[in-house]
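Trainee: Hi, could you walk me through this model? I'm new to reading structures, so let's take it one step at a time.

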Amino acid sequence: MSWLVVILVFLLASIKTTKGSDKSVSIVIPAYNEEATVAKVVSVARKLSYVDEVIVVDDGSTDRTVEEAENAGATVISHIMNEGKGSAIKTGFKYSHGNIVAFIDADVSIKELPECYVEYVNVS
């Protein structure tokens with residue numbers, strides 16, 4: 001349940017200023033060597049009805065993080081070398097198109113981010 005609160009806070013705190021009243025939501029997932037978990041996190045994020053875009057920022061991974069994220073349907077932006085999580089977050093925010101941007105770790109376990117609970121977050 002605490003993840004719902006965290007996601008809601010991030011969604012509300014990350015509202016980009018826009019002139020229109022239409023809301024669009026981007027989820028940015030910074031990732032470094034997360035081939036084992038990134039696809040599931042992307043899949044859960046893409047199933048949310050209010051999410052318009054899922055971006056994975058690969059921070060110089062040496063494993064199959066990029067391929068797993070792309071196969072799961074994410075847009076992938078890659079750093080050539082590891083620049084750190086802060087830099088990956090900035091890159092994701094810069095290239096996101098949503099006027100609401102949420103950040104989720106690529107290694108969140110599904111026990112921490114259950115699909116059935118996340119759908120209750122209301123971003124209207």
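Mentor: Happy to. Let's start with a term: a residue is buried under 20% relative accessible area, exposed over 50%, and partly exposed in between, using a 1.4 Å probe and protein chains only. This is a predicted model, so local features need a pLDDT of at least 70 and side-chain atom pairs count only at pLDDT 80 or more, while totals for chains, interfaces and linings use all residues. Residues are numbered from 1 along each chain as its sequence is written, and side-chain values use heavy atoms, with hydrogens and water left out.

Trainee: Okay, let me try that. Is asparagine 33 buried, partly exposed or exposed?

Mentor: Asparagine 33 counts as partly exposed because its relative accessibility is 28%. It lies in the loop between β1 and α2.

Trainee: What's the phi of asparagine 33 like?

Mentor: Phi is near 55 degrees there, a positive value in a residue other than glycine. For background, most residues other than glycine have a negative phi.

Trainee: Let's zoom out. How many helices and strands does the chain have?

Mentor: Five helices and four strands. Here helices (H or I, at least four residues) and strands (E, at least two) are DSSP runs, numbered from the N terminus. Along the sequence the pattern reads α-β-α-β-α-β-α-β-α.

Trainee: And how confident is the predictor about the chain?

Mentor: That's what pLDDT tells you: the predictor's confidence in each residue, from 0 to 100. The average for the chain is 81, and 70% of the residues score at least 70. Among the elements, β2 has the highest mean, 97, and helix α5 (residues 115-118) the lowest, 46. Over residues 116-124 the pLDDT is below 50, and beyond near neighbours in sequence this stretch has 19 contacts in the model. Contact means heavy atoms within 4.5 Å.

Trainee: Which strand pairs with β1?

Mentor: Strand β1 (residues 25-31) pairs with β4 in the parallel sense, over four bridges. Two strands pair if DSSP finds at least two bridges between them. Isoleucine 27, for instance, has alanine 102 in β4 as its bridge partner.

Trainee: Which way do the β4 residues point?

Mentor: In β4 (residues 100-103), Ile100 and Ala102 point one way and Val101 and Phe103 the other way, and all are buried.

Trainee: What makes up the largest nonpolar core?

Mentor: First the term: a nonpolar core is a set of buried Ala, Val, Leu, Ile, Met, Phe, Trp, Tyr and Cys residues joined through side-chain atoms within 4.5 Å. The largest has 21 residues, and those with the most contacts inside it are Ile27, Ile29, Val42, Val51, Val54 and Val56. The elements giving two or more residues to this core are β1, α2 (38-47), β2 (53-59) and β4. There is also a second, separate core of seven residues that includes Ile77, Ala88, Val101 and Phe103. As a general point, nonpolar side chains in soluble globular proteins tend to be buried together.

Trainee: What does isoleucine 29 touch?

Mentor: Not counting residues up to four places away in sequence, isoleucine 29 touches several residues, including Val42, Val54, Val56 and Ile104.

Trainee: New topic: where does glutamate 53 sit, and is glutamate 53 buried or exposed?

Mentor: Glutamate 53 lies in strand β2. It counts as buried because its relative accessible area is 15%. Its side chain reaches the backbone nitrogen of histidine 97 at 2.8 Å. Leaving aside neighbours within four places in sequence, glutamate 53 has contacts that include Val25, Ile27 and Tyr95.

Trainee: What about tyrosine 95, buried or partly exposed?

Mentor: Tyrosine 95 is in helix α4 (residues 85-95) and counts as partly exposed because its relative accessibility is 44%. Outside its neighbours within four places in sequence, tyrosine 95 is in contact with Glu53, Ile55 and Ile77.

Trainee: Is there another residue in α4 to look at?

Mentor: Try threonine 91, also placed in helix α4. At 14% relative accessibility, threonine 91 counts as buried. It touches Val57, Ile77 and His79, not counting residues up to four places away in sequence.

Trainee: Last one: which loop holds glycine 60?

Mentor: The loop between β2 and α3 (65-71). The C-alpha atoms of glycine 60 and asparagine 82 are separated by 4.5 Å, though they are 22 residues apart along the chain.

Technical notes. A polar contact is a pair of N or O atoms within 3.5 Å; within protein, one must be able to donate a hydrogen and the other to accept it, and residues adjacent in sequence count only if both atoms are side-chain atoms.
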